[in-house]
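Open the model in your viewer and keep the selection box ready. We will go from stop to stop, with something to select at each one.

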Amino acid sequence: MTLLDHNDDASGPDLIKDTTTQTFVRDVIEESKHQPVLIDFWAPWCGPCKQLTPIIEKAVRAAKGKVKLVKMNIDEHPAIPGQMGIQSIPAVIAFVNGQPADGFMGAQPEGQINAFIEKLTQGMPSGDADILAEADALLAEGDAASAASLYAEALAQDSASVPALAGLARCYVVTGSLDQAKQTLAMVPEAKRADPAVAAVQSMLDLAEQAQAVGPVAELEQKVAANPLDHQARYDLATALNAKGQRSDAATHLLEIVKRDRKWNDDAARKQLLQFFEAWGGDDDATVDARKRLSTILFA
């Protein structure tokens with residue numbers, strides 16, 4: 001199972017959906033607290049509704065996440081339009097912050113619908129930025145599956161988004177789906193391969209692959225305990241510990257090699273530590289601490 005298996009439509013953003021009387025509050029009221037939501041009241045027998053649908057869907061997709069569209073079939077779900085006093089269709093009502101804010105009735109030309117959405121979303125930040133920020137926060141909290149869904153949503157809006165590709169690849173690395181991480185990184189445009197976010201994930205992936213080859217942590221700990229001068233075992237232990245998220249301990253072992261034999265294996269321990277730093281990020285507490293400790297050893 002992959003991170004996205006639970007989401008049958010991970011390839012497309014959740015910008016347009018149908019709602020029911022039971023899901024109206026969640027789909028419209030609650031969702032409109034994040035960005036404006038247009039609810040389109042329609043019926044299968046309504047000719048103007050059929051004219052409006054492709055036009056409004058195109059306009060919503062063009063807004064790239066600044067607004068969402070929810071459709072309600074009034075024949076199947078008459079209660080909500082009845083409560084709102086909808087007497088003719090198509091009728092489109094815009095909800096903002098949980099309240100009706102604007103609307104129009106009847107089929108409208110594309111230009112007027114675009115202007116309606118522009119007025120509604122004027123001054124709002126990009127929907128892409130909001131999605132990516134939320135995905136980054138979820139990943140930082142350890143919820144890789146939810147983060148992956150949001151990164152996929154951002155990619156559906158912009159398939160070449162480097163932050164979204166890097167974020168999705170990071171989700172795959174974190175959960176051990178290394179082949180999918182490689183496939184995702186392969187989608188990054190050649191000119192963007194040096195992007196810091198991409199380089200960081202590539203380092204994570206390289207380290208994860210190394211960790212798969214070094215053996216269990218317990219065995220490596222035994223080797224190091226039996227022979228503290230077995231630098232290869234200590235190096236492998238650091239790699240394995242990093243893969244398990246034990247960053248400080250991983251850095252400590254590499255620093256120990258640098259302290260004991262700086263030139264061992266062509267300065268491999270220091271180089272591995274620098275790769276750790278790239279994968280962790282410059283602001284990570286483990287990076288900051290290990291950099292200080294490395295400087296103390298090198299310049300003492």
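Helices (H or I, at least four residues) and strands (E, at least two) are DSSP runs, numbered from the N terminus. Residues are numbered from 1 along each chain as its sequence is written. This is a predicted model, where local features need pLDDT of at least 70, side-chain atom pairs count only at pLDDT 80 or more, and totals for chains, interfaces and linings use all residues, while side-chain values use heavy atoms and leave out hydrogens and water.

**Stop 1: a cis bond**

Select Pro 90. Pro 90 sits in the loop between helix 3 (79-83) and strand 4 (91-96). Look at the peptide bond that leads from Ile 89 to Pro 90. That bond is cis, with omega near 0°.

Now add Pro 48. Pro 48 has its place in helix 2 (residues 47-62). Pro 48 touches Pro 90 and Ala 107, not counting residues up to four places away in sequence. Contact here means heavy atoms within 4.5 Å. Is Pro 48 buried or exposed? Neither label fits: Pro 48 is partly exposed, with a relative accessible area of 36%. The cut-offs are these: buried is under 20% relative accessible area, exposed is over 50%, and partly exposed is in between (1.4 Å probe, protein chains only).

Add Gly 106 as well. Pro 48 and Gly 106 are 58 residues apart along the chain, yet their C-alpha atoms are separated by 6.7 Å.

**Stop 2: two asparagines**

Go to Asn 97, in the loop between strand 4 and strand 5 (99-105). Its phi is near 55°, a positive value in a residue other than glycine. Asn 97 is exposed, at a relative accessible area of 56%.

Jump to Asn 265. This residue lies in the loop between helix 12 (247-260) and helix 13 (268-280). Asn 265 is not a glycine, but it has a positive phi of about 50°. With 47% relative accessibility, Asn 265 counts as partly exposed.

Stay in that loop and pick Asp 267, which is also between helix 12 and helix 13. Is Asp 267 buried or exposed? Asp 267 counts as buried, at 11% relative accessibility. Measure from Asp 267 to Ser 295, C-alpha to C-alpha: they are 15 Å apart in space and 28 residues apart in sequence.

**Stop 3: helix 7**

Start just before the helix. Select Ser 161, in the loop between helix 6 (144-157) and helix 7. Ser 161 is buried, with a relative accessible area of 10%. Its contacts, leaving aside neighbours within four places in sequence, are Leu 132 and Leu 155.

Now select helix 7 (residues 162-174). How far apart are its end C-alpha atoms? They are 18 Å apart, which agrees with the 18 Å that 13 residues should span at 1.5 Å a residue. The expected span is 1.5 Å times one less than the number of residues.

Switch on the surface. Helix 7 is mostly covered, with 10 of its 13 residues buried. Among them are Val 162, Gly 167, Cys 171 and Val 173. Just after helix 7 comes Gly 176, whose phi is positive, near 85°.

**Stop 4: helix 7 against helix 8**

Add helix 8 (residues 178-185). The axes of helix 7 and helix 8 come within 7 Å and cross at roughly 170°. Axes are lines fitted to C-alpha atoms, for helices over the stretch in contact, and angles run from 0 to 180 degrees between N-to-C directions. Helix 7 and helix 8 are therefore roughly antiparallel to each other. Angles under 35 degrees count as roughly parallel, over 145 as roughly antiparallel, 65 to 115 as roughly perpendicular and the rest as oblique.

Show side chains. On the helix 7 side, pick Leu 165, Leu 168, Ala 169, Tyr 172 and Val 173; they meet Leu 178, Gln 180, Ala 181, Thr 184 and Leu 185 in helix 8. The residues of this contact divide into eight nonpolar, two polar and no charged. Here Ala, Val, Leu, Ile, Met, Phe, Trp, Tyr, Cys and Pro count as nonpolar, Asp, Glu, Lys and Arg as charged, and the others, Gly among them, as polar.

Zoom in on Thr 184, found in helix 8. Thr 184 is buried, with a relative accessible area of 5%. Leaving aside its neighbours within four places in sequence, Thr 184 is in contact with Leu 165, Leu 168, Ala 169 and Tyr 172.
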